[in-house]
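Grab a pencil and open the viewer. Try each exercise yourself before you read its solution.

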Amino acid sequence: MTSVFNDRPGTRPQAPATPATLAQLADFAAHAHGEQEALADGEVRWTFTRLRDEVHAAARAALAHGIRPGDRVAVWAPNTRQWIAAALGAVSVGGVLVPLNTRYKAAEAADIIRRSGARLLFTERGFLGTDYVAMLRDSGEDLGRLGQTVVLRGPADDSTLGWADYLAAGERTPDAERAARAAAVRPDDLADILFTSGTTGRSKGVMTTHGQTLRVFEEWSGVVTLRAGDRYLLVNPFFHVFGYKAGVVACLLNGVTMLPEEVFDLDRILPLLARERVSVLMATPTVFTCLLDHPRRTEHDLSALRLAGVGGTGVHPELIEDIRGRLGIPAVFSAYGLTESTGVVSICPPDADATTVATTAGPALPGTEIRVVGADGTARGPGEAGEVVVRGYNVMRGYLDDPQATADTVEADGWLHTGDVGVLDERGYLSITDRLKDMYIVGGFNAYPAEVENVLRGHDRIADVAVVGTPDERLGEVGVAFYVPAPGARPDPAELTAWARERLANFKVPRRFLAVPELPRNAGGKVLKGELRRAARQSTPS
């Protein structure tokens, strides 16, 4: 097997501190950790050497199917070993990864496939009862340049290719060709495009490179203390930066065993944590709350857990204390980031006190800068609120095919405007206090009101609508839709909910629909969402 490290007979040269590109990542991990366990996916066990070989096989298959440097490759599937092999195989020969949210409906997925220019799609049939292939085909949506669909698990048909057949095509590709293509990938080459909805309601493709992804998660790993020999339960979805980069990429950088989980099912996860001696669990506060409250938790030995990452929604100090005390996990950290910052802006170290972990997101990622600025762009002092702006190697290369949105978000001197309101304390620790944007977080997933509103306005019984987020004990926040009925119409909230579920991912569907005679607006016609948020809180069912 050809190695990018060019081992000479009788010698084992020292591996570089980190690989230069994601194309070298699997080789790097195999060189450094060899026969240690890299992945446990049900009954399937891969060493780091085996994982490298699987990635190489997928890379040769990508070449056999005509993937060229810069070609977009979409993955619409849950967390599995096939996802890892397919994605890293394509990226290692210069393909650009475009992950798709498994909760998307056909129109949402097709929009991203089309705008990204994806030529190849990896997907599944039957995940949670959903046949993604049939859903796309039956929708009649324009799929742009898409030429081939590969079914990672489940039966192929006349219009698709099975995973085994996809790999078989690569057997005719010389490994020297794969190695040459991998060696040609450069740190500044585009590695992935992760789509994140914008306040205009249209998703934006965030572009990041090989080099910045590796540097961000090398630094992140050091701060959170991820280390070789850890066993990491990957419950965060791979389509999200937290699942893919803080999960798969970080594990391969550090020699950590990956345990991919397709869905969060605590009755399954509890015995798995004990049986597999899981040491790392990173999830939303909802997951940890459910774990603490599970009636059979104490029947399982969770003593191997040593590191917990808590993020996604607001956290109370009591939860951090319970994770450390009742669950016995000594190291607990929090963090803040956005897709446009390669997922990381700041990290609160895992040895900080519970109040600091709960109420701050810590200092800036090493080697980067954070400022809090006023409306005029001037820096605010400690304790003064303003917009959080970020500068450094973690800032995206821009939005796909949208130079105006890029210019509006990233200043010429490199400062990224996050749209979040925050405060820096005397230590340089950041606390997020509000949002300039209307986005809210449902169980760890970002929901954007404008996108939901655009869909709801398509209902013939709705004349106008505004969506806001409101606190929810279980999910952190949920959406509430205030709608003005069309003349003569009296739509039933249950009907609106069912209609929205046919067109939106479940987390985007408002949990309540409230009819109003009109939406509150200012003199300029802008909806006063602050009033609606207050109304949503007051109308919360007891």
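Below are four short exercises on this model, each with a worked solution.

A couple of ground rules: the model is predicted, so local features need pLDDT of at least 70 and side-chain atom pairs count only at pLDDT 80 or more, while totals for chains, interfaces and linings use all residues. Residues are numbered from 1 along each chain as its sequence is written, and side-chain values use heavy atoms, leaving out hydrogens and water.

**Exercise 1.** Find out which residues form a positive surface patch, and place Arg 103.

*Solution.* Start with the rule: a patch takes residues with over 30% relative accessible area and no salt bridge, joining like charges within 9 Å and nonpolar side chains (Val, Leu, Ile, Met, Phe, Trp, Tyr) within 5 Å. A salt bridge here is a side-chain nitrogen of Lys or Arg within 4 Å of a carboxyl oxygen of Asp or Glu. The patch members turn out to be Arg 103, Arg 474, Arg 501 and Arg 511. Next, Arg 103 sits in the loop between β4 (96-99) and α4 (106-116). Helices (H or I, at least four residues) and strands (E, at least two) are DSSP runs, numbered from the N terminus. Last, Arg 103 has a relative accessible area of 37%, so it's partly exposed. The scale is: buried under 20%, exposed over 50%, partly exposed in between, with a 1.4 Å probe and protein chains only.

**Exercise 2.** Decide whether Glu 108 is buried or exposed, and list what it touches.

*Solution.* First locate Glu 108: helix α4. Its relative accessible area is 11%, so call it buried. Contact means heavy atoms within 4.5 Å. Skip neighbours within four places in sequence, and Glu 108 is in contact with Arg 103, Glu 451, Arg 503, Leu 504, Ala 505 and Lys 508.

**Exercise 3.** Work out which elements the buried residues of α11 pack against.

*Solution.* Helix α11 covers residues 285-293, and its buried residues are Pro 285, Thr 286, Val 287, Phe 288, Leu 291 and Leu 292. Now look around them: they pack against α10 (266-275), β13 (280-283), β14 (307-310) and α12 (317-325).

**Exercise 4.** Take Leu 128 and Thr 342, and work out phi and burial for each.

*Solution.* Leu 128 has phi near 50°, a positive value in a non-glycine residue. You'll find Leu 128 in the loop between β5 (120-127) and β6 (130-131), and at 63% relative accessibility it counts as exposed. For Thr 342, phi is near 55°, again positive without being glycine. Thr 342 lies in the loop between β15 (331-336) and β16 (346-348), and with a relative accessible area of 1% it's buried.

Terms used
Areas by Shrake-Rupley, 256 points an atom, 1.4 Å probe, with all protein chains shown as cover. Lys, Arg positive; Asp, Glu negative; His and termini not counted. Charge placed at Lys NZ, Arg CZ, Asp CG, Glu CD.
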